[in-house]
Amino acid sequence: MKIAVIILNWNGRELLEKFLPSVTSYSPEASIYVADNASSDTSIQFVQKNYPEVTIIKNKINGGYAKGYNDALVSVNADIYCLLNSDVEVTPGWLEPIITVFKDYPDAAIVQPKILDYNKRSHFEYAGAAGGYIDSLGYPLCRGRIFQSLEKDHGQYNDIKEIFWASGACMFVKSSVFEELGGFDEDYFAHQEEIDFCWRARNRGYKSYYTGFSAIYHVGGATLSNMNPKKTFLNFRNSLFSITKNLPKRKVFPILLIRLLLDGLAGLRFVFQLKWRHFAAILKAHISFYMHFKRTFSNRSPIEKPNKYYVTTSIVWSYFVRNMRNFNNLVKD
C-alpha cells in the first residue's frame, strides 16, 4: 500500500518550519510532498534547503484548497493520498492505525484520525474532532465538537467508526476514488469541500471511517480564522452547495427553504452581536449561491446507494434549545 502525504502550502514558511519535522520524522511508510499554491514567501527555498527528501509540487495559481489539491495530485503516484494541513503536528506511529483500517475494512475509501487541539492538547479540535456528521438540514457536527463546544478527550472515542465526513485537515483517501469522483469541487475554493466530497463518495456506495488509535494535533484557523468574515461567507454558501448537489431531488427545495430561513436568523444574531461584516458575509453567501445555483444543480451527485444521511434531525434545536453539548447525549434518529 503506497502512501503519499501531501501538504498544501501557501505562504506558510513558519508553519513548515514548525510542523514539517514531525511529518518527516514519523512517516517512514510514506512519501512526503509539499504542494505549493503559488507562494510569494520563501517556503519552497526553505523546503529545498532543509528537506531534500520532500518532493515539491508547484501549482501555477492559488486555487484554494479544492483546486490546489486537484492540481497537485495529478503529479502524485500512490494508492492512498493523505491530504494534510500545514498546521498539523503528527505523532509517532500515526500511520499504522490508518493502514490497518484500509486493510481490515475493504469498503473504506476515506479515513480520518483523531484530531486534537494543538493549543489545548487535552481537547478535540474544531475541524474534524472524532469524525464528522450532518443533521437532516445539512448542518455539520462532529463527535467531540458541536458548534463551538469542544469536548475533552478522555478516551470516549477510542474506536473505529463509520462516519459521514472526514476532515480536510487530515484526510486519507484512496487515489482511485479521488479520481473516480473527479476530485474536489473547485467552486468551493475552501471550506466544506471535504463534506461534499465524502457525501458524493457515500452516494456512490463508498464509506468513510474514523480511527481513534491514530492522533494528530491541529492548530486550526492558520489560513483563515473563525473570526474572518470570508470564512463565514464560504461556510454558509458552500453548505448550501452541498445540499443542492447531494440530497435526493425531492428533498432539495424543502430543505433549502428551511436553511435559507435559518441563515436569516443567524444573520440577525450577528446583527444583535454588532458583527456587521459577518452579517454582510451571509448576504453575500446567499447572492453567490443564487448566482451559482443553475450550475450547482446541474452538477448533482448520482445517488447509486440511497441511504440515511443524517445522525440527528436538527442540531440547531438540540444545541440552542435543548442545551446538548456532548455528541453522545444527542438524540440519534
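The following paragraphs describe strand pairing, burial, helix packing and selected backbone angles in a predicted model.

Strand β1, which spans residues 3–9, is mostly covered, with seven of its seven residues buried. In a regular strand the side chains alternate between the two faces of the sheet. In β1, both faces are covered: Ile 3, Val 5, Ile 7 and Asn 9 lie on one side, Ala 4, Ile 6 and Leu 8 lie on the other, and all of these residues are buried. On pairing, β1 runs parallel to strand β2 (residues 30–37), to which it is joined over seven bridges, and Ile 3 of β1 stands opposite Ala 30 of β2. Together with helix α1 (residues 13–25), the strands β1 and β2 form a β-α-β unit that is right-handed. Strand β1 is also joined to strand β4 (residues 80–84), again in the parallel sense, by five bridges; within this pairing Ile 3 stands opposite Ile 80, and Ile 6 stands opposite Leu 83.

The loop that leads from β1 to α1 contains Asn 11, a residue other than glycine whose phi is nevertheless positive, near 50 degrees. Most residues other than glycine have a negative phi, and most peptide bonds are trans. With a relative accessible area of 29%, Asn 11 is partly exposed, in that this value falls between the limit of 20% for buried residues and that of 50% for exposed ones.

Strand β4 is largely enclosed by the rest of the structure, because five of its five residues are buried. Its side chains are divided between two directions, with Ile 80, Cys 82 and Leu 84 pointing one way and Tyr 81 and Leu 83 the other way, and all of them are buried. For Tyr 81, which is found in β4, the relative accessibility is 1%, and the residue therefore counts as buried. The C-alpha atom of Tyr 81 is separated by 16 Å from that of Ile 216, a residue 135 positions away along the chain. In addition to its pairing with β1, which rests on five bridges, β4 is joined by five bridges to strand β12 (residues 170–174), and here the two strands run antiparallel. The bridge partner of Ile 80 in β12 is Lys 174, while the residue of β1 that stands opposite Ile 80 is Ile 3.

Helix α6, comprising residues 193–203, has eleven of its eleven residues buried, so this helix is likewise largely enclosed by the rest of the structure. The buried residues of α6 include the acidic side chains Glu 193, Glu 194 and Asp 196, together with Arg 200 and Arg 202, as well as Ile 195, Phe 197 and Trp 199. After α6 comes Gly 205, for which phi is positive and near 100 degrees.

Further along the chain, helix α7 (residues 229–246) packs with helix α9 (residues 276–298), their axes coming within 8 Å and crossing at roughly 30 degrees. The two helices α7 and α9 are therefore roughly parallel to each other, since an angle under 35 degrees is counted in that class. The crossing in which α7 passes α9 is right-handed. The residues that make up this contact of α7 with α9 comprise eleven nonpolar, seven polar and four charged ones.

Helix α8 contains Arg 259, which has a relative accessibility of 2% and for that reason counts as buried. The C-alpha atoms of Arg 259 and Ser 239, which are 20 residues apart along the chain, are separated by 9.5 Å. In the loop between α8 (249–272) and α9 lies Leu 274, another residue other than glycine with a positive phi, in this case near 60 degrees. At 59% relative accessibility, Leu 274 counts as exposed, because the limit for that class is over 50%.

Methods: Residues numbered from 1 in each chain as written. Predicted model: local features only at pLDDT ≥ 70, side-chain atom pairs only at ≥ 80, totals over all residues. Heavy atoms only, no water. Buried < 20%, exposed > 50% of the residue type's maximum accessible area, 1.4 Å probe, protein only. Helix = DSSP H or I, 4+ residues; strand = E, 2+ residues; numbered from the N terminus. Pairing = 2+ DSSP bridges. Right-handed = clockwise from strand over helix to strand, strands pointing away. Axes fitted to C-alpha atoms, helices over the stretch in contact; angles between N-to-C directions. Parallel < 35°, antiparallel > 145°, perpendicular 65-115°, else oblique. Left-handed = near helix turned anticlockwise from the far one by under 90°. Nonpolar A, V, L, I, M, F, W, Y, C, P; charged D, E, K, R; others polar.
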